[in-house]
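Hi everyone, thanks for making time this morning. I'd like to walk you through one model, so please have the picture open while I talk.

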There are 2 protein chains.
Amino acid sequence: MSSYSEPYRPARVLLVDDHTLVRDGMRMHLALQPSLTVVGEADDGEAALAWLARRQPDALPDLLITDIGMRGMGGIALADALHQRHPEIAVLMLSMHDNLEYVRQAMRAGARGYVLKDAPADELLAAIDAVLAGRVFYSARIARRMIEEGPASHPLDALTPRERDILNGIGRGLANKEIAASLGVSVRTVETHRLNLKRKLGIEGRAGLVKYAVEQLGGDAAGG
Amino acid sequence: MSSYSEPYRPARVLLVDDHTLVRDGMRMHLALQPSLTVVGEADDGEAALAWLARRQPDALPDLLITDIGMRGMGGIALADALHQRHPEIAVLMLSMHDNLEYVRQAMRAGARGYVLKDAPADELLAAIDAVLAGRVFYSARIARRMIEEGPASHPLDALTPRERDILNGIGRGLANKEIAASLGVSVRTVETHRLNLKRKLGIEGRAGLVKYAVEQLGGDAAGG
DNA sequence: GCGATCCTGCGTAGTACTACGCAACGGGAC
DNA sequence: GTCCCGTTGCGTAGTACTACGCAGGATCGC
């Protein structure tokens with residue numbers, strides 16, 4: 001990995017996961033690496049940000065390893081917030097989903113790596129090495145699927161921001177009227193977006209769109 | 001089967017989870033307990049059953065700790081299969097969901113304990129002690145919710161078989177007309193069931209019912 | 001047998017969503 | 001500037017779903 005001219009210092013790591021057992025497993029693996037020190041843990045995004053705010057600026061971690069799906073503030077929002085405040089801190093995303101849309105969201109939010117929780121144990125260490133060296137790392141299964149599906153074939157990528165807003169509302173079980181109110185637009189506008197969504201996503205029937213939206217959201221926000 | 005006049009022997013444990021990190025975390029905790037020995041691991045239900053089939057009958061584990069949600073054969077099916085073949089082996093279910101319906105299914109399948117993955121670490125050990133002693137253990141949050149909601153108050157339990165059929169169709173994104181066709185009844189009948197479903201489940205709005213149905217069906221693969 | 005429950009189906013009214021087409025406005029790209 | 005695109009919104013028609021109430025037939029337990 002990287003060669004320091006300064007005296008050798010282990011890379012500082014902050015672990016963020018709401019599952020105690022996962023944190024334990026990571027801590028155990030990382031403790032075996034002399035080049036790494038776990039300096040803190042948190043069980044959700046807000047706790048992680050609070051931890052970082054309390055931390056001395058010269059003792060911030062070099063790497064944040066976070067779960068993607070947590071109660072409260074999830075890994076994507078955390079990566080986003082961290083990337084704006086401390087872009088120098090590497091972010092490695094942990095996930096149980098091989099859903100490529102999550103991967104893209106994570107990378108857009110500033111994550112440099114994406115590792116699946118059921119991946120072989122040494123993949124985690126390889127990923128840490130890579131992101132600390134400034135490289136990008138994907139779990140083998142993710143990389144394979146990216147090659148298979150193509151880097152931008154997912155229909156969600158074709159959606160405009162506003163269409164995502166509407167899809168989000170649909171996935172939360174809201175009626176058009178409620179979505180319109182929450183976005184401050186007319187019901188007709190929501191209907192237009194909805195029609196466009198169905199065309200873009202190739203969905204027929206009204207229930208189908210709700211199903212699709214719930215499945216897209218259901219994984220990280222409502223799941224647990 | 002085993003009489004405890006024989007010399008002291010640590011309890012044998014089989015770990016089943018598709019997440020390497022979770023297995024690592026568990027193994028680490030259990031290694032600190034002299035009264036326990038991890039004798040095997042598997043990453044899904046079928047692998048666990050295959051492992052058990054290869055095992056000498058006099059060296060079977062005393063306890064199986066399994067994740068509830070795994071690719072392929074999940075924890076509930078595994079508990080069910082194991083409970084029929086080896087009812088003497090205690091089963092402790094691990095889950096990220098505090099959904100009481102999962103808890104009930106697990107217990108019906110023969111599990112003796114249900115621990116959440118984000119529970120404090122000592123809860124796992126307490127749960128192991130309990131189920132090895134023949135007692136039943138629930139994570140604190142599960143126990144609290146059971147008290148709050150009542151032991152059998154889950155609305156899904158109140159549904160009739162036909163209502164489940166309709167809910168299933170809704171969750172697959174079908175329209176009333178399609179559900180009616182697939183069940184061989186009239187649209188009006190489906191509408192009646194649908195109205196009853198919303199009353200029983202306390203749901204308002206049409207999208208809300210679809211959302212609920214999708215979450216009930218798709219919940220096995222979801223999670224953080 | 002009798003009551004309870006479930007499944008089935010209809011009538012009626014009102015509300016929500018679909019499926020077009022059309023168009024004005026603003027922001028970027030070229 | 002001009003063009004493209006995203007966002008916003010309306011008109012019109014048709015379809016789907018909601019929300020009651022009512023009721024016959026089947027099944028099961030007592």
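**Cavities, a sheet, an axis and two DNA strands**

Okay, let's start on the inside. When the whole structure is searched, 2 cavities of 30 Å³ or more turn up. Before I go on, keep in mind that this is a predicted model.

What is the volume of the largest cavity? About 50 Å³. Now look at what lines that space: from chain A you have A:L94, A:V115, A:L116, A:K117, A:A119, A:P120, A:A121 and A:L124, and chain B adds B:T20 and B:L21. If you prefer to think in elements, β5 (113-116) and α5 (121-132) of chain A and α1 (20-31) of chain B each give two or more residues to that lining. By class, the lining has 8 nonpolar residues, 1 polar and 1 charged.

The second largest cavity holds about 40 Å³ of space. Its lining is made of A:L21 together with B:V115, B:L116, B:K117, B:A119, B:P120, B:A121 and B:L124. Here β5 (113-116) and α5 (121-132) of chain B each supply at least two residues. Sorted by class, you get 7 nonpolar, no polar and 1 charged.

Let's move on to how the two chains are arranged. As general background, two copies of a chain are related by a rotation about an axis and a shift along it. In our case, a turn of 180° and a shift of 0.3 Å along the axis lay chain A on chain B, with an RMSD of 2.3 Å. So the two copies are related as by a two-fold rotation axis. Which residue of chain A has its C-alpha nearest the axis? That's A:G25, at 1.9 Å from the axis.

Next, find the sheet in chain B. Quick reminder: strands of a sheet pair through backbone hydrogen bonds, either parallel or antiparallel. The one I want you to see is an open sheet of 6 strands, and its pairing is parallel. Reading across, the order is β2-β1-β3-β4-β5-β6. At the edges sit β2 (36-42) and β6 (137-138) of chain B, each pairing on one side only. If you zoom in on β3 (residues 63-67) and β4 (residues 90-95) of chain B, you'll find 5 bridges joining these parallel strands. For one concrete pair, B:T66 has B:M93 in β4(B) as its bridge partner.

Now the DNA, and I'll take strand C to begin with. There are 19 residues around DNA strand C, and those that come nearest are B:T160, B:R162, B:S186, B:T189 and B:R206. Which part of the strand faces the protein? Of the atoms of DNA strand C within 4 Å of the protein, 70% belong to sugar and phosphate.

Let's look at some contacts with phosphate oxygens of that strand. An N or O atom in the side chain of B:T160 is 2.4 Å from one. B:S186 uses a backbone N or O atom instead, at 2.7 Å from a phosphate oxygen of strand C. Chain A joins in too, with a polar side-chain atom of A:K177 lying 3.1 Å from a phosphate oxygen. The elements giving two or more residues to this surface are α8 (176-183) and α9 (187-201) of chain A, plus α7 (161-171) and α9 (187-201) of chain B. α9(A) has the largest share, with 5 residues. By class, the surface near strand C has 4 nonpolar, 6 polar and 9 charged residues.

On to DNA strand D. This strand is surrounded by 19 residues, and the closest are A:T160, A:R162, A:S186, A:R188 and A:R206. Sugar and phosphate make up 73% of the strand D atoms that come within 4 Å of the protein.

What does the side chain of A:R188 reach on strand D? A base nitrogen: a polar side-chain atom of A:R188 lies 2.8 Å from it. From chain B, a polar side-chain atom of B:R194 is 3.3 Å from a phosphate oxygen of strand D, and a backbone N or O atom of B:N176 lies 3.4 Å from a phosphate oxygen of that strand. Two or more residues of this surface come from each of α7 (161-171) and α9 of chain A, and α8 (176-183) and α9 of chain B. Here the largest share, 5 residues, belongs to α9(B). The classes near strand D are 4 nonpolar, 6 polar and 9 charged.

Technical notes. Residues numbered from 1 in each chain as written. Chains lettered and ligands numbered in written order. Predicted model: local features only at pLDDT ≥ 70, side-chain atom pairs only at ≥ 80, totals over all residues. Heavy atoms only, no water. Near = heavy atom within 4 Å. Polar contact = N/O pair within 3.5 Å; in protein donor to acceptor, adjacent residues only side chain to side chain. Helix = DSSP H or I, 4+ residues; strand = E, 2+ residues; numbered from the N terminus. Nonpolar A, V, L, I, M, F, W, Y, C, P; charged D, E, K, R; others polar. 1 Å grid on protein atoms, 1.4 Å probe; cavity = no way out; pocket = protein on both sides within 12 Å on 5 of 7 lines; lining within 4 Å. Points joined across faces, edges and corners; volume = space filled by probe spheres on them. Pairing = 2+ DSSP bridges. Least-squares fit on C-alpha atoms with pLDDT ≥ 70 in both.
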